[in-house]
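User: Hi! I'm new to reading protein structures and would like to learn how the descriptive words are justified. Could you go through one with me?

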Amino acid sequence: MPRSTIARIDTNAIRQNYRRALALGNGTRAMAVIKADGYGHGIRDVAVALKDEAPKFAVACIEEAHAIREAGVSQPVVLLQGPHSDQDIGTSEAEGFELVIHSEHQLNWLDQQAVVPVLWIKVNSGMNRLGFSPADLEGVMARLEAAGHGQKITGFVTHFACADDPSSDFTAQQTDCFARAVAPWPHLEKSLGNSAAHFREGQSLYDWSRPGIMLYGASPMINTFGPDLDLEPAMTLEAELTSVRTIQAGEAVGYGGSFKATQETRMGIVAVGYGDGYPRHAGTDTPAWVNGRRIRLIGRVSMDMLAVDLNNAPNAKPGDRVELWGKNISVDEVARHAGTIGYELLTGVTVRVPRVRE
Ligand SMILES: *Cc1c(COP(=O)(O)O)cnc(C)c1O
């Protein structure tokens, strides 16, 4: 029998969250961002789940775009970092991939090509990760025109640095910067919104938004959990309770003995650990769920196991299923306990954990 540690993937939830992005977008179209193996949910399954809904997909690299084709999904796929070599340009043209052009060296490659795919031009509006500065845009456009690629430019993209923080006004500054930078080309498309931008009142999303994390039901906003935003968690990480014992006050649990019982404690061992992608930084008091009850982790997470306090679930017994995150325990809450974000936990579930689509 295979070990029963699994990640259940609710593809209906993904579709529902995509529709929520459209509803919040108020008329904008949404390219579904399914990089990093569909944020850990399985890129092929996510692409298939959205193939009748999303007119475009977006990924980080060409390998991910090929995976979408292998799943039999034929929509355009935007490569958010553009070509990583000159060969990617021809491949993209043949496969229907669209390239985000952000750097001089990519322009050099494009200069050499007779045929190029659909192009997006990335504008650096203040994040200082990728993109041309607004002052250089005119030159970039003229250069692509001169190389005969002008007709292939579909539009402009930029990316927000602080949209997850409601108290920051940097998103408004970036939006203004972008709008001014691309104003000379009003007929071209514009794309600037990540998931967080959907939850910012009054934020313009222009022609194409780019929702990622929200499709999976996790929150893009700081200090907020996915369900608070009416998002439906798409992944449930689940493992079996493999052993149960009672320890006395003063006894310690696990590596380093970092948890010491202050009272008689019925405790259990769950067959999941950091070797599965459960965060080792999640310490004592991180929530989990068994038999309809909220329970808590105790002690250190090991590679293949972790310990839980069962005093709140007196009927729990070996063989019972424990939810580490999912419908009852938000991945965002676990992430907070581990000092990280839901994105990292979802993308970090390892290959040892089978994804079970439902
Ligand atoms: C990953 C990514 C997104 C999606 O971001 P979320 O916060 O997951 O919604 C959008 N645009 C770009 C350029 C990205 O790299």
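Analyst: Happy to! Let's begin with a word we will need: contact means that heavy atoms lie within 4.5 Å. Please keep in mind that this is a predicted model. With that meaning of contact, the buried residues of H5 pack against H4, S4, S5 and helix H6 (104-111).

User: Which residues of H5 are the buried ones?

Analyst: They are Asp-88, Ile-89 and Ser-92. Their directions from the axis span an arc of only 105°, so they sit on the same side of H5.

User: What does the face of H5 turned away from that buried side carry?

Analyst: That face carries Gln-87 and Ala-94, which are exposed. Just past the helix, H5 is followed by Gly-96, with a positive phi near 80°.

User: Why is Gln-75 called buried or exposed?

Analyst: Set the value against the cut-off: buried means under 20% relative accessible area. Gln-75 has 15% relative accessibility, so Gln-75 counts as buried. Gln-75 belongs to the loop between H4 and S4. Beyond its neighbours within four places in sequence, Gln-75 is in contact with Lys-51, Ala-54, Pro-55, Lys-56, Phe-57 and Arg-69.

User: And what makes Glu-201 buried or exposed?

Analyst: Here the cut-off for exposed is over 50%. Glu-201 has 84% relative accessibility, and therefore counts as exposed. Glu-201 is also in a loop, the one between helix H9 (195-198) and strand S9 (208-209). As for distance, the C-alpha atoms of Glu-201 and Arg-300 are separated by 41 Å, with the two positions 99 residues apart along the chain counted as their separation.

User: Which residues of H4 are buried, and what covers them?

Analyst: In H4, residues 62-70, the buried ones are Ile-62, Glu-64, Ala-65, Ala-67, Ile-68 and Arg-69. Their cover includes the helices H2 (35-39), H3 (43-49) and H5 (87-95). Strands S3 (56-59), S4 (77-79) and S5 (97-101) are also among the elements that cover them. Just after H4 comes Gly-72, which takes a positive phi of about 80°.

User: How do you know that Lys-35 makes a polar contact with the ligand?

Analyst: A polar contact is a pair of N or O atoms within 3.5 Å. A polar side-chain atom of Lys-35 lies 2.7 Å from an oxygen atom of the ligand, so the pair meets that limit. Tyr-39 also has a polar side-chain atom, 2.5 Å from an oxygen atom of the ligand. In Gly-212 a backbone N or O atom takes this role, 2.9 Å from a ligand oxygen atom. The protein covers 91% of the 390 Å² of accessible area that the ligand has on its own.

User: How many residues are around the ligand, and which come nearest?

Analyst: There are 14 residues around the ligand, and Lys-35, Tyr-39, Ser-195, Ile-213 and Tyr-343 come nearest.

User: What does the whole chain look like in numbers?

Analyst: The protein chain has 11 helices and 18 strands, and its C-alpha trace spans about 80 × 45 × 35 Å along its principal axes. Of its 358 residues, 53% are buried. Among contacts with a separation of 6 or more, 63% come from residues 24 or more positions apart. The chain exposes about 15,300 Å², with carbon and sulfur atoms supplying 47% of it.

Methods: Residues numbered from 1 in each chain as written. Predicted model: local features only at pLDDT ≥ 70, side-chain atom pairs only at ≥ 80, totals over all residues. Heavy atoms only, no water. Buried < 20%, exposed > 50% of the residue type's maximum accessible area, 1.4 Å probe, protein only. Helix = DSSP H or I, 4+ residues; strand = E, 2+ residues; numbered from the N terminus. Arc of directions from axis to C-beta. Near = heavy atom within 4 Å. Polar contact = N/O pair within 3.5 Å; in protein donor to acceptor, adjacent residues only side chain to side chain. Areas by Shrake-Rupley, 256 points an atom, 1.4 Å probe, with all protein chains shown as cover.
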